Amino acid sequence: MSSENHSIHPDFILLGLSTHPGQRKLLFSLFLVMYVVAVMGNLLIAVLIHWDPWLREAPMYFFLSHLSLVDAAFTSVTVPKMLANLVADNKAISYAGCLAQMYFFFAFGVTDSFLLAGMAYDRYVAIQDALRYKAVMKRGLCMGLVAGSWIVSHLHSLLHIVLMSRLSFCASREIPHFFCDHQPVLALSCSSTHLIEMLIFTEGALVVLSPFVFVLASYLLILTTVLQRATAEGWHKALSTCRAHLAVVTLFYGTIIGVYFQPTARYSAAKGRVATVMYTIVTPMLNPFIYSLRNNDVQGALRRIFHRSSV
């Protein structure tokens, strides 16, 4: 096979969301606004928690500050390149750039997943054993959970990228996506992808789904506790404590499970793009609103910050 139709390390072409000029201008404007809101909103939450002494010491907001930073980074892995491709004629991405994008996409996505599990445990302790909450959720435990999230996610990402880097690719270099997602990239490979696909359904499922199962178990235990109390006050406390987190978990895991845990042969590029937009752009954009609009603690911190600046 000649070097023209077979390459070990080719550059790739990201086909993006649309090839229609009119649609591309509209999509650029829409996603630019969403991206700016996502990054600024998440950074605002992180800075607010860092500046406010009460929020900074609360375990729930310690997790939230890290989640906000990860969300800002997560959406920044894919969206700037997508925006550039919507206004540029050259949609190429280098082989090294493709692997780097894939690495950080995996790393930040899995970190997000484990942080959501840590927040679920925090909510469980807050409701199940409120009197011992501060004794259980010590800063050392919180830091350990966050550090573990970062370590596991980067080891997971490194393993997948090492295997992806061993593939060779055929004539087509066109990726029917707006970033280097592993499913469409695997579809271009001339090499056997059996090992990587098996890894996705074993190690990948363990790393991604175990936090999800932990979240579900935590909320089942919370529900059991609330039902045992069977008071309106107990229901109100549980809902006010958990509703924001439940909304984020539903958005995040619902789309990820639908996209990634299926064989490459059954992968639909169109459905994959839509679902990926949900958890790479929409979810990070909504998180600051979900956690702040009806959150008295965050609203109180904002008022304190504005009061200090006006004095």
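# A guided tour, starting at a surface patch

Select Leu32, Val36 and Met40. Together they make a nonpolar surface patch with about 260 Å² of accessible area. This is a predicted model, so keep the confidence colouring at hand.

**Stop 1: helix α1.** Stay on valine 36. It belongs to helix α1, residues 21-51. Its relative accessibility is 41%, so valine 36 is classed as partly exposed. An α-helix has 3.6 residues a turn, so residues three or four places apart point the same way.

Now pick serine 29, also in helix α1. With 43% relative accessibility, serine 29 is partly exposed because the value falls between the 20% and 50% limits. Add leucine 83 to the selection. The C-alpha atoms of serine 29 and leucine 83 lie 8.9 Å apart, although 54 residues separate the two in sequence.

**Stop 2: the whole fold.** Zoom out and switch to cartoon. The protein has eleven helices and three strands. From start to end, the pattern reads β-α-α-α-β-α-α-α-β-α-α-α-α-α. Of the 311 residues in the protein, 49% are buried.

**Stop 3: the sheet.** Select the three strands. They form an open sheet, ordered β2-β1-β3, with mixed pairing. At the edges are β2 (92-93) and β3 (174-175), each pairing on one side only. Strands of a sheet pair through backbone hydrogen bonds, either parallel or antiparallel.

Which way do β1 and β2 run relative to each other? Strand β1, residues 12-14, is antiparallel to β2, and two bridges join them. To see one contact, show isoleucine 13 and alanine 92: the alanine, in β2, is the bridge partner of the isoleucine.

**Stop 4: helix α4.** Select residues 95-128. This is helix α4, with 34 residues. At 1.5 Å a residue it should span 50 Å, and its end C-alpha atoms are 50 Å apart, so the expected and modelled lengths agree. Is α4 mostly covered or mostly open? It is mostly covered, with 26 of its 34 residues buried.

Go to tyrosine 121 on this helix, then show phenylalanine 214. The structure holds 13 aromatic pairs. In this one, the ring centres are 6.3 Å apart and the planes meet at 45°, so the pair counts as tilted. It links distant parts of the chain: tyrosine 121 sits in helix α4 and phenylalanine 214 in helix α8 (residues 194-229), 93 residues apart. Tyrosine 121 is partly exposed, at 26% relative accessible area. Phenylalanine 214 is partly exposed too, at 38% relative accessibility.

For a group of rings, select Phe74, Phe105, Phe106, Phe178, Phe179 and Tyr279. Ring pairs join these residues into a cluster.

**Stop 5: the salt bridges.** How many salt bridges does a search of the whole structure find? It finds two.

Begin with arginine 123 and aspartate 122. They form a salt bridge whose closest N and O atoms are 2.4 Å apart. Both arginine 123 and aspartate 122 are buried.

Move on to arginine 132 and aspartate 129. Their side chains meet in a salt bridge at 3.0 Å, N to O. Here, arginine 132 is partly exposed, with 49% relative accessibility. Its partner, aspartate 129, is partly exposed at 26%.

**Stop 6: helix α6.** Select residues 139-164. Helix α6 has 26 residues and reaches 38 Å from its first C-alpha to its last, close to the 38 Å expected at 1.5 Å a residue. Which residues of α6 are buried? They are Cys142, Val146, Ser149, Ser153, His156, Ser157, His160, Ile161, Leu163 and Met164. Colour them to see where they fall along the helix.

**Stop 7: a loop residue.** Keep leucine 163 shown and add threonine 193. The C-alpha atoms of threonine 193 and leucine 163 are 9.3 Å apart, with their positions 30 residues apart in sequence. Threonine 193 lies in the loop that runs between α7 (182-187) and α8. Is threonine 193 buried or exposed? Its relative accessibility is 13%, and buried means under 20%, so threonine 193 counts as buried.

Conventions
Residues are numbered from 1 along each chain as its sequence is written. This is a predicted model: local features need pLDDT of at least 70, side-chain atom pairs count only at pLDDT 80 or more; totals for chains, interfaces and linings use all residues. Side-chain values use heavy atoms; hydrogens and water are left out. Patches are made of residues with over 30% relative accessible area and no salt bridge: like charges are joined within 9 Å, nonpolar side chains (Val, Leu, Ile, Met, Phe, Trp, Tyr) within 5 Å. Accessible areas come from the Shrake-Rupley method with a 1.4 Å probe; for residues, only the protein chains shown count as cover. A salt bridge is a side-chain nitrogen of Lys or Arg within 4 Å of a carboxyl oxygen of Asp or Glu. Helices (H or I, at least four residues) and strands (E, at least two) are DSSP runs, numbered from the N terminus. Buried means under 20% relative accessible area, exposed over 50%, partly exposed in between (1.4 Å probe, protein chains only). Two strands pair if DSSP finds at least two bridges between them. The expected span of a helix is 1.5 Å times one less than its number of residues. Rings of Phe, Tyr and Trp (its six-membered ring) pair if their centres lie within 6.5 Å; planes under 30 degrees apart count as stacked, over 60 as edge-to-face and the rest as tilted.
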